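Student: Please pick one part of this model and take me through it closely, with the cut-offs behind each term. I would like one connected account rather than a list.

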Amino acid sequence: MVVEGPGARTTVSRATFVASGAAAEGRRFRVQVASLGDETAAREVARLAEGAVGAPAVVRWNAETRTFQVRVGEYANREQAQAATASLRRAGLSGSWIAED
């Protein structure tokens, strides 16, 4: 890149900014805690999961399985999500798995 100013002309390297971490990969990880047919039960599991992990939980309808999915957290990497599954197990919420969004 050439930069020109009063009485001067300089060639400089072009600056490139690159996202790092999960943003660079365009990935995020959540932990699916349950997939339930009853919305009230799904919301209760979400409340328990939030308490166990300390991260927001989301309850969403899955038309394909006709269930309410409970997912918790939004982690930058799989290791952080794995730590959340351990916390969920300690709280009595076993059977969770990591979902990549």
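**One strand and what surrounds it**

Tutor: The side chains of arginine 30 and aspartate 101 are joined by a polar contact of 2.6 Å; such a contact is a pair of N or O atoms within 3.5 Å, where within protein one must be able to donate a hydrogen and the other to accept it, and residues adjacent in sequence count only if both atoms are side-chain atoms. The model is predicted, so local features need pLDDT of at least 70 and side-chain atom pairs count only at pLDDT 80 or more, while totals for chains, interfaces and linings use all residues. Residues are numbered from 1 along each chain as its sequence is written, and side-chain values use heavy atoms, with hydrogens and water left out.

A polar contact of 3.3 Å also joins the side chain of arginine 30 to that of glutamate 74. Arginine 30 belongs to strand 3; strands (E, at least two residues) and helices (H or I, at least four) are DSSP runs, numbered from the N terminus. With a relative accessible area of 13%, arginine 30 is buried, since buried means under 20%, exposed over 50% and partly exposed in between, for a 1.4 Å probe and protein chains only. Leaving aside neighbours within four places in sequence, the residues in contact with arginine 30 include Val58, Arg71, Val72, Trp97 and Ile98, where contact means heavy atoms within 4.5 Å. Arginine 30 and valine 58 are 28 residues apart in sequence, and their C-alpha atoms are 9.8 Å apart in space.

The same enclosure applies to the strand: six of the eight residues of strand 3 are buried, so it is largely enclosed by the rest of the structure. Strand 3 belongs to an open sheet of four strands, in the order 4-5-3-6 with antiparallel pairing. Strand 4 (57-62) and strand 6 stand at the edges with a single partner strand each, so one side of each has no neighbour in the sheet. From one strand to the next, the twist averages 40 degrees.

Strands pair if DSSP finds at least two bridges between them. Strand 3 and strand 6 pair in the antiparallel sense over four bridges, and phenylalanine 29 has glutamate 100 as its bridge partner in strand 6. The antiparallel pairing of strand 3 with strand 5 runs over six bridges, with valine 70 of strand 5 as the bridge partner of alanine 34.

Two helices pack on this sheet. Helix 2 touches strand 3, strand 4 and strand 5, and its direction makes about 20 degrees with that of strand 5; angles run from 0 to 180 degrees between N-to-C directions, with axes fitted to C-alpha atoms, for helices over the stretch in contact. Helix 3 touches strand 3, strand 5 and strand 6, with a direction at about 40 degrees to that of strand 3. The buried residues of helix 3 are Ala81, Ala84, Thr85, Ala86 and Leu88, and what covers them includes strand 3 (29-36) and helix 2 (39-53).

In strand 5 sits glutamine 69, which counts as buried at 9% relative accessibility. Beyond its neighbours within four places in sequence, glutamine 69 is in contact with residues including Gln32, Ala34 and Ser35.
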